[in-house]
Amino acid sequence: MSPYDVIVVGARCAGAPLAMLLARTGHSVLLLDRASFPSDTLSTHWILRPGVELLASWGLEDRLAATGCPPIDQLRVDFGSTVLSGTPTAANGPATTYAPRRSVLDALLVDAAREAGAEVREGSSVRDVVWENGVVAGVRGQDARGVPFAERARLVVGADGRGSTIARAVGAPVTKDRGPLAATLYGYWSHVPADGAETFVRPGLGASLWPTHDGLTVVALTLPRTDFLAHRSGSERLYLDTLDRLPELRARMHGGRLAEPVRAAGLLRNFFRLPHGPGWALAGDAGQHKDPIGAHGISDAFTDADSLARAIGQEFSGALAPGRSLARYAARRDAGRAAMFEFVCRQAELQPLDEDFTRVLRASAEDPRLRGELLDVFAGSRRVEELFRLARAGRPDQ
Ligand SMILES: Cc1cc2nc3c(=O)[nH]c(=O)nc-3n(C[C@H](O)[C@H](O)[C@H](O)COP(=O)(O)OP(=O)(O)OC[C@H]3O[C@@H](n4cnc5c(N)ncnc54)[C@H](O)[C@@H]3O)c2cc1C
């Protein structure tokens, strides 16, 4: 078995950039995925502003734009009684975002990892980790032809999604679990123009649309999980019937055609797992997952990749006691995500807006600056904690 510095299992939003960053800093990296790229996956694909800023910092935003993915500068959030609409802002101007097809985005990330010097093996399925004296020392699995393999490394990273094989193999404890709250159904439409991102928030229903590659618009619906479990008529029927509950959106889609079969995800747990232990770490959905209603997963996975790459560099440098850098990575993740986790769970419950939020929203009608700040929160360029602070301080009523 050839020893690597790091084996990364899973080569999408968390794993591929992590492998790229580690390889760029001179580490030997093996990146494994059972998929072969380009490969689609069950996910819509709006990348919030923090994710776009990381792509830019890695030198990949221009490459993404060159794939023909339309930039998104406008955001409209429709609460029924109030509509927020405008250009979210970042430090240096508009908070441009993108909604690239995953087949395009993930292949671009895998190519970048390979170019950086990571060894990429597609079609390679990991079955288990290898233990040595209580420390994870490698993985075993089988390649696309069914031939078993085993590889060793100083650290194994599970970037293998919410059903992570690595998390299960190492027994990573779940530290917070809100279970599944909502179901998501989405479809790709031709002849439904979208000039930016749009979200509709209603009790018992959420909807979002984004322009994507090939002139298509992806329209996603969030509905109570119980509605999803109770339906018996197939995902497409449920999707179209649910769309009919938003007549203002449905009217705009007149003349549009579903370009691909409707996709559905009904069992999306909201959880945190402890993301590190002796010889192992977790990144992206493997370590923390929340309902896609807020579109945070890709951006969070990029953030984990960036943060974990630094932590691994420090860990290997021996500057701190063993495990210390990884513990800091975990603490940063938990502190950075706690408030948004609660906010997203609340959104996914699809309940009427709470009092604090209603108050901020009402005040925003008279206050353009507040309206802009709210839009920034939904685009990810402003932290949700600021929204809570505004609500608590009662600034809107002053
Ligand atoms: C319906 C839906 C809509 C969503 N919409 C959005 C959105 O609009 N915006 C957003 O930011 N996020 C969205 N998300 C969330 C987003 O898809 C995830 O957060 C993101 O993909 C996480 O990336 P990841 O790299 O951690 O995991 P994944 O993308 O799940 O990648 C894991 C990889 O690991 C591989 N793998 C798994 N097990 C093994 C194994 N044993 N051996 C080898 N390889 C393995 C898989 O093949 C896969 O390629 C959505 C999710 C869903 C379900």
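This dialogue explains how to read several features of a predicted protein model.

Colleague: Where should a reader begin, and how many helices and strands does the protein have?

Modeller: A count of secondary structure elements gives a first orientation. The model, which is predicted, contains 13 helices and 21 strands.

Colleague: How compact is the protein for its length?

Modeller: The radius of gyration is set against the value from the globule rule. Here the radius of gyration is 21 Å, close to the 21 Å that the rule gives for 398 residues, so the protein is as compact as a globular protein of that length. Along the principal axes, its C-alpha atoms occupy a box of roughly 60 × 45 × 40 Å.

Colleague: Which share of the residues is buried, and what does the protein expose?

Modeller: Of the 398 residues, 57% are buried. The protein exposes about 16500 Å², and carbon and sulfur atoms supply 51% of that area.

Colleague: What can be said about contacts between residues distant in sequence?

Modeller: One takes the contacts with a separation of 6 or more and asks which of them join residues 24 or more positions apart. In this protein, such pairs account for 72%.

Colleague: How many charged side chains of each sign are there, and where do their centres lie?

Modeller: There are 47 positive and 47 negative side chains. The centres of the two sets lie 3 Å apart.

Colleague: Which domains is the protein divided into?

Modeller: A domain may be assigned in several segments of the chain, as the residue ranges show. Domain 1 comprises 3-42, 103-178 and 269-348, while domain 2 covers 182-265. Their C-alpha centres are 31 Å apart. Between them, 8 residues of domain 1 are in contact with 8 residues of domain 2.

Colleague: Let us turn to a single helix. Which residues of helix α2 are buried, and what covers them?

Modeller: Helix α2 spans residues 49-57, and its buried residues are R49, G51, V52, L54 and L55. The elements that cover these buried residues include the helices α3 (61-65), α4 (102-116), α9 (297-317) and α12 (368-379), together with β5 (89-90) and β6 (93-94). Just after α2, G59 takes a positive phi of about 80°.

Colleague: What joins F37 and P38, and where does P38 lie?

Modeller: The omega angle is the one to read here. F37 and P38 are joined by a cis peptide bond, with omega about 5°. P38 belongs to the loop between β2 (29-32) and α2.

Colleague: Which phi values do N133 and D214 have, and where are these residues placed?

Modeller: Each case is best read together with its loop. N133 has a positive phi of about 50°, although it is not a glycine, and N133 sits in the loop between β8 (125-132) and β9 (135-142). D214 is likewise not a glycine, and its phi is positive at about 60°. The loop holding D214 runs between β14 (205-211) and β15 (217-224).

Colleague: Are N133 and D214 buried or exposed?

Modeller: The cut-off for exposed is over 50% relative accessible area. N133 is exposed because its value is 79%. D214, at 69%, also counts as exposed.

Colleague: Is L326 buried or exposed, and which residues does it contact?

Modeller: The cut-off for buried is under 20%. L326, in helix α10 (residues 324-348), is buried because its relative accessible area is 3%. Leaving aside neighbours within four places in sequence, L326 is in contact with L155, H276, W280, L308, A311, I312 and E315. One of these partners, E315, is found in helix α9. E315 and L326 are 11 residues apart in sequence, and their C-alpha atoms are 7.2 Å apart. With residues up to four places away not counted, E315 touches P322, G323, R324, S325 and L326.

Colleague: How are separations along the chain and in space to be read for L326 and A144, and for A305 and L54?

Modeller: The two separations should be read side by side. L326 and A144 are 182 residues apart along the chain, and 32 Å separates their C-alpha atoms. A305 and L54 are 251 residues apart along the chain, with their C-alpha atoms 9.8 Å from each other.

Colleague: Where does A305 lie, and what does it touch?

Modeller: A305 is part of helix α9. At 0% relative accessibility, A305 counts as buried. Not counting residues up to four places away in sequence, A305 touches A14, P17, L18 and L21.

Terms used
Residues are numbered from 1 along each chain as its sequence is written. This is a predicted model: local features need pLDDT of at least 70, side-chain atom pairs count only at pLDDT 80 or more; totals for chains, interfaces and linings use all residues. Side-chain values use heavy atoms; hydrogens and water are left out. Helices (H or I, at least four residues) and strands (E, at least two) are DSSP runs, numbered from the N terminus. The radius of gyration is taken over C-alpha atoms; the globule rule is 2.2 Å times the number of residues to the power 0.38. Buried means under 20% relative accessible area, exposed over 50%, partly exposed in between (1.4 Å probe, protein chains only). Contact means heavy atoms within 4.5 Å. Accessible areas come from the Shrake-Rupley method with a 1.4 Å probe; for residues, only the protein chains shown count as cover. Lys and Arg count as positive and Asp and Glu as negative; His and the chain ends are not counted. The place of a charge is taken as NZ of Lys, CZ of Arg, CG of Asp or CD of Glu. Domain bounds come from an automatic or database domain assignment.
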